[in-house]
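Student: Pick one part of this model and go through it closely. Then set it in its surroundings.

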Amino acid sequence: MERIVQGASAAEVVKQLQNSDGYHITNTARDLSQSDFKNRILLHTDLLAADSRERAGYFSLEITGGASVHVDILRKQVDPFLKLELLREKMPNTMFQTLCRGVNLFGYRPYPQNVIRFTVKEFAKYVDVWRTFDFMNYIPNMQAVFEEVAKAGKLNEPCICFSTGPEHTDAYYLAKVKEILDVTGEDIVLCIKNHGGLGTPKRIGELVDTIRQKYPDLPLHYHGHNTDGNDVGRIVAAVQNGANIVDAADASFTGFYGPPPILTVIQTLKDLGHNAATIDEEAVIETSEVIRDERQHYEAFESQIKGFQPTVQIHKLPGGAMGSSLEQAVKGGFLDKMPDILHKELPRVQKELGNYWSVTPGSQILWTTAVSNVQGGERYGNPSGDLRNLLLGKYGPFPFYEPDEWIFEKVLGSDWKKVLEEEGGVEDISDMDIDKEKETLTERIAEDPTDQQLVLYLQHPNDAVEFFKFEAKFGKVHVLPPSIFLKTGGFEPGETLEFVDHTGKEHMVEVGPSNVAEDGETSVYLYVDHHQRIYKFAPELADGAAAAPVAMSKEEVLDLAKAGDIRASFSGNVCEISVEEGQEVAVGDKVAVMEAMKMQTPITSAIDGIVTAVSAKVGDALQPGDKLLKVDVDE
Amino acid sequence: MLWQVPFRDFQFYSIVQGVALKTKILVANRGEIAIRLIRAIQELDYEAVAVYESPDKDSRHIRLANEAVWLGAGPRCDYLDISKIIKAAKKSGATAIHPGYGFLAENPDFAKACEDTGITFIGPSSDVITNLGNKVIARKIMAEAGIPMVPGSDNLAAGKEGEEFAIAFAAKYKYPIMLKATCGGGGRGIRLIENDNQMRDEIPVARAEAKAAFNDERVYLEKVVIEPKHVEVQIMADKNGKTVHLGTRDCSIQRRNQKLIEIAPSMISDKALLQEICDTAVKAAKASNYFNAGTVEFLIDKEFNYYFMEINTRVQVEHTVTEMITGIDIVRTQIKLALGKPLAFCQEDVQMRGHAIEMRINAEDPQADFMPEGGKTVSVYRSPGGYGVRLDGFVYQGFTIPEVYDSLLVKMTVHGFSWNETVDRLRRCLQNFVIAGPKTTIPFYLNIAKDEDFISGNFDTSYLDKHPQLFEYDDNANEASKLSNLIAEIHHRGHNPYAA
């Protein structure tokens, strides 16, 4: 069959899937990065893989969404929009897929409706397939996203989050599918989202079959994790029972908690008579070879504990949260308590809190509650604000049953019934004044933000501003390979580093010596494009590199001029002071003449007023920012 | 690995490298033109004497010359000091002086001082310089010879009277009006005036600048031809009055009336018109009894009317493009003519071949209104080479650009058989040119070399104003430095704190 290419309408994609003679594969690169590399796989690596991934003929490449949008700006220092733009240049045909947390977007708490719509609208310019879920399977929480995606002409892929237990019956999930279709209409792909990699192949096979029987034409996409080492089994069962698309990842980067290897899926299913439609196996293999050597640089971000975790069937943590949970345990010094937390407390908390789906942000609530129950002594004695909101129903109604009253009492206090009555229920968050936020952002970054910058700011205000400042200071760092960006232990003296900047220009940096001065300041010598540069670092690096004293910028000088504080805007000599103290001046009046490199430039007043001070005299050599004279508004 | 670029520390004394038996010619200039002159002098097997002020003590022209004389602490005043230059010539035994362009090149007092002391001035006589340097007298000579001209005024009277006359002149011919230094030239001392207020403000500033630059504060007015092309003709004349032209140059691409890019020949397709302009230039030169090398400048309006502007009585910055297409060494010819030789070629011998483009690579930031970058050190200097490119420069890796002189670092001239080939070569050479340290006009020129209007020869003096997109480019050197800042921090801290 013809491969499905980016740009087709939702209806066309659905039709192609219905007529396809095989199953399709989504390369879940983002989920792999999040589950097994703490979301650190750099754009640099994805760009290396782009050419062969484009040729591989995937249904889609899941490359954004989830926690990645936040980590992009927080830890990878890359603009999530630029990332998509650059990948699109190299991958003109492949559909890009995101994972959206419905009303919680790419974050952890519900956003106002207008922010959701604005965010989806901006991202939909690059993202073709929108996998959207709600951890309570509460469909109204996804509605705004559905609408904006449809409006942008992109494909909705609503999820039913899957879990196990007596309440998680086929009948329950069938009802959810109907609820979704009633809202979205038929031009969608339905995702069975098995974020924990839960259940057996038999269980997944049954569920897919049940939905397939009821909805023969509905394209089904099975998403799983390999935490127990058996997701290939579940994938096989899903395809055998009629799933159209399955998730897997590039073999050379597969780990323990993310998707299983693509090639394993292809080989297994081929022997069972299922054809991976539109897939170019050579290109799949090539991708793994191209990026294999890069993996060594990500070692620090791989799981602290090696090996599959079949006990996921007990603790149910999603693959995407395994890495960060273990990291917390290591940093918090409670790695030894993990068996208790994972195998005893977490399943207990899960049951007590209504057996909902352990996925963001619900999984974080379960996890922090379990950790605090074990660490804090008294169970539910130190409830988080998010647990409180969960009990108040802010995220949506409990799907099966409500927690016991004693938990409500512990978390909400003795008057919990009154609190619940007054504050309970799904919150109707009022719209944000986006124009006002834009003004604030403009002030904070001292320039007019783009819509994309504004979107990032609305998600994570402080982290976005920090990122914009980082970019202004360090440039577009996505061009640095992981061997540089994630280097630990410093470089070798004399080592030569090479990279190509975002305009395509090659650069070479040779590492020179570092000298520590008596006051503790370190000077790092680099030879940048054959040009020696010295970077200085103060002994206490509280907030990055020490700022070198710089002369005032032209903009700063112009700003001050508007307040009557007239300063030199370039370095030069004063050759005339045209006014005296006490003299009246009007806007545009010449107040002085400066000369630099033979050219004389009249300096004019930016305001009407009276000259109150003359700070420079003829012949003075001034630097940008040095005072010339002062004009005060005549009161 | 060398972590510092070593260079010789020159002392302030004259450097004598041989016995002065040969003819010596003093080069009364600095920068790239000093080197250009020294090369021609040494090719003729004469000896070149350089002069310098203290801020130029590390300048390369001093090293290339056979000897060098320190004039004083400067800046500029010593290069402009006639008696010091004459003294330096006498002291070193130089019998001729080449003034280059700028400084004393068009100062008739200097030519006169040379004539009076028996030193050969390489250029026209002081009388010719006086007449042509005074724009008012020059206009009179040209008017009598029937050369077409732009309406203009006499020198403005001092104070209120001159101001009032200027306002009246502007009322008659309408703004914009050019306010020009009577002794100016080369784009110096020219201001565009848009209204009466500006006229009143700028007249005193222009006078002061003229006084500082040319030691003559007189100014006059000229009507502005809207969006003209600037076309000029190179003239060579010997003492017998034999006068030939070396074709046209287009110098329309300018900023603040200073030329940035020069092209030979003019891109005007009407060959008969160009021939007529060249003939008019020869006529103008003859009318003023011209001798040695000179340039007759014209403005050409949208209807292809041409107007005489002025005659520059010196070698031009942009003489290189004419040399490239004619094969005639203008500076060498200047020296021979000054030493009394007749012109060795006639008009029919002058053959134009191909096209040449010169770009003035300046230490300036085009994105900050061409703010000069003086005071910075050239930390990397990698120049292009290969077929059809010529460089006339004076900077080198490790050189600190003096703040007190102009910002021209190097002139890059490319030559090609066809216009397209020449532009292709221009682009290649700009891409190969790496200067780090100061910001330069290179990335800006690269945008010009890729601009459709430039490529199709469609430009006049309004070109920069009408193409603001030329100023949009990324400063790559800056980007590398920013990224290296992060690399330094990763190295220093042993990990990337922004990826932790």
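Tutor: Here is a helix pair, followed by its wider setting.

The model is predicted: local features need pLDDT of at least 70, side-chain atom pairs count only at pLDDT 80 or more, and totals for chains, interfaces and linings use all residues. Residues are numbered from 1 along each chain as its sequence is written, while chains are lettered from A and ligands numbered from 1 in the order in which they are written.

Start with α4 (108–117) and α5 (126–133) of chain B. Helices here are DSSP runs (H or I, at least four residues), strands likewise (E, at least two), numbered from the N terminus. Two packed helices are described by the angle between their axes and the distance between the axes. For α4(B) and α5(B), the angle is about 175° and the axes lie 8 Å apart. Axes are lines fitted to C-alpha atoms, for helices over the stretch in contact; angles run from 0 to 180 degrees between N-to-C directions. That makes the two helices, α4(B) and α5(B), roughly antiparallel. The word applies to angles over 145 degrees; under 35 is roughly parallel, 65 to 115 roughly perpendicular, the rest oblique.

Which residues of α4(B) and α5(B) make the contact? From α4(B) come Pro108(B), Ala111(B), Lys112(B) and Glu115(B). From α5(B) come Ser126(B), Ile129(B), Thr130(B) and Gly133(B). Contact means C-beta atoms, placed from the backbone, within 7 Å. By class, the contact has three nonpolar, three polar and two charged residues. Ala, Val, Leu, Ile, Met, Phe, Trp, Tyr, Cys and Pro count as nonpolar; Asp, Glu, Lys and Arg as charged; the others, Gly among them, as polar.

Now move along chain B. Gly146(B) lies in the loop between α6 (135–144) and α7 (159–173) of chain B. Gly146(B) is exposed, because 11 other C-beta atoms lie within 10 Å. The cut-offs are 12 or fewer for exposed, 20 or more for buried, and partly exposed in between, with C-beta atoms placed from the backbone. Its C-alpha atom is 9.3 Å from that of Lys283(B), 137 residues apart along the chain.

Last, the side of chain B that touches chain A. Here 38 residues of chain B are in contact with 52 residues of chain A. α8 (196–214), β17 (371–372) and α16 (476–493) of chain B each supply at least two residues of that side. α16(B) gives the most, with 16 residues. The side divides into 17 nonpolar, twelve polar and nine charged residues.

Conventions. Two residues are in contact if their C-beta atoms, placed from the backbone, lie within 7 Å.
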